[in-house]
Amino acid sequence: MGRNLQEVPAAKELYELASSIVGWDVGRVCREGPAEELDRRCQTAVVVTALGALEMARDTRPAAVERARAAAGFSLGEITALVFADALSFESALRLVELRTAAMEAAARERTGGMLTVWLAPDAKVKELLARARDRARSPDLPEPVCLIANYLFPGCKVLAGDEQALKFVEAEGRKWGVKRSARVRVSGAFHSPLMARAEEAVREAVNMCSVREPRLPVTSCVDARAARSVAGVKRRLVRLTTSPVRWEQVLHVLYARPPDTPQPLTLALGPGGALRSTLKLVNARAWDSSIQIDV
């Protein structure tokens, strides 16, 4: 990721500054890997690359960036959006992301879990399926199993997170409750679930020590699909971002809710890959028509 940013001076400077803050070569890892190291350091890599894409947008579409009236980010991307909104400094954001990564990895080692994308039939009985999965996973060694929706992506597609035993039940028996297909997410733990509670405590301590400012424009949070406008609101959502479901589908509905005869705003999709823009098309095709991917 980030190869297209090598010709953007401000983006190159951003990678260099990031490297001096975190103590490893962010640009090299983004562009060259190896894959194992990029996987391990992907949270920081994604944040810096998304902000590098913002610098590219400043060069190619300066008026669009200047006229931005709202921002949002998927999961970790919310921290990037808060940097753009001047609620967090670049250095504070990177230090928070590095700590968050370490805390989440530690929580994942404590209890085996994972994430599973499921594509659902219109009449899928998701609540019943999750309850049955938890029941089947319950044992003397696991008295309170976890299996819940961790990401709301678009109609008919969700990501589940939870204990390994529960996810295996969904994979094996989900069709009975309306799961058309499923696929594992390549992550080390059950992120955005109660299994990250220990990580959330570490993030809370870090956020309390962060210098946070009032955002200069609304940042619609994927924690609750509401705009964070105050310092207290930003801090509260930054903490909850670790264990709360990512309500991305709901965020998109909030951002693009307009009467049918009202034009949709220009949207700049930043960062590596085009998955979020593809998701936008499945939630609001008119908004997708007015969106542009900044390819990095």
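**A guided look at strands, a helix and two domains**

Visitor: How many residues of strand β2 are buried?
Guide: Strand β2 takes in residues 113–120 and is mostly covered; strands (E, at least two residues) and helices (H or I, at least four) are DSSP runs, numbered from the N terminus. Buried means under 20% relative accessible area, exposed over 50% and partly exposed in between, with a 1.4 Å probe and protein chains only. For β2 the buried count is 7 of 8.

Visitor: Good to know! What kind of model is this?
Guide: Residues are numbered from 1 along each chain as its sequence is written, and side-chain values use heavy atoms, with hydrogens and water left out. Local features need pLDDT of at least 70, side-chain atom pairs count only at pLDDT 80 or more, and totals for chains, interfaces and linings use all residues; the model is predicted.

Visitor: Which residue of β5 stands opposite V118?
Guide: Two strands pair if DSSP finds at least two bridges between them. β2 runs antiparallel to β4 (residues 157–163) over 7 bridges, and V118 faces K158 there. With β5 (residues 179–184), β2 shares 5 bridges, also antiparallel. The β5 residue opposite V118 is S182.

Visitor: Is T44 buried or exposed, and why?
Guide: T44 lies in helix α4, residues 42–60. Its relative accessibility is 1%, so T44 counts as buried.

Visitor: Which residue's side chain makes a polar contact with the side chain of T44?
Guide: Contact means heavy atoms within 4.5 Å, and beyond four places in sequence T44 has V22, W24, L94, V97 and E98 as contacts. A polar contact is a pair of N or O atoms within 3.5 Å; within protein, one must be able to donate a hydrogen and the other to accept it, and residues adjacent in sequence count only if both atoms are side-chain atoms. At 2.6 Å, the side-chain partner of T44 is E98.

Visitor: Why is α4 called largely enclosed, and how many of its residues are buried?
Guide: The rest of the structure surrounds much of α4. It is called largely enclosed because its buried residues number 14 of 19.

Visitor: Which three residues supply most of the area that domain 1 buries against domain 2?
Guide: An automatic or database assignment sets the bounds, giving domain 1 (9–107 + 194–293) and domain 2 (112–185). Buried area is the accessible area (1.4 Å probe) that two parts lose on being put together, summed over both; here that is about 1000 Å², 66% of it on carbon and sulfur atoms. On the domain 1 side, 43% comes from the trio that supplies more than any other three residues: L195, E249 and L282.
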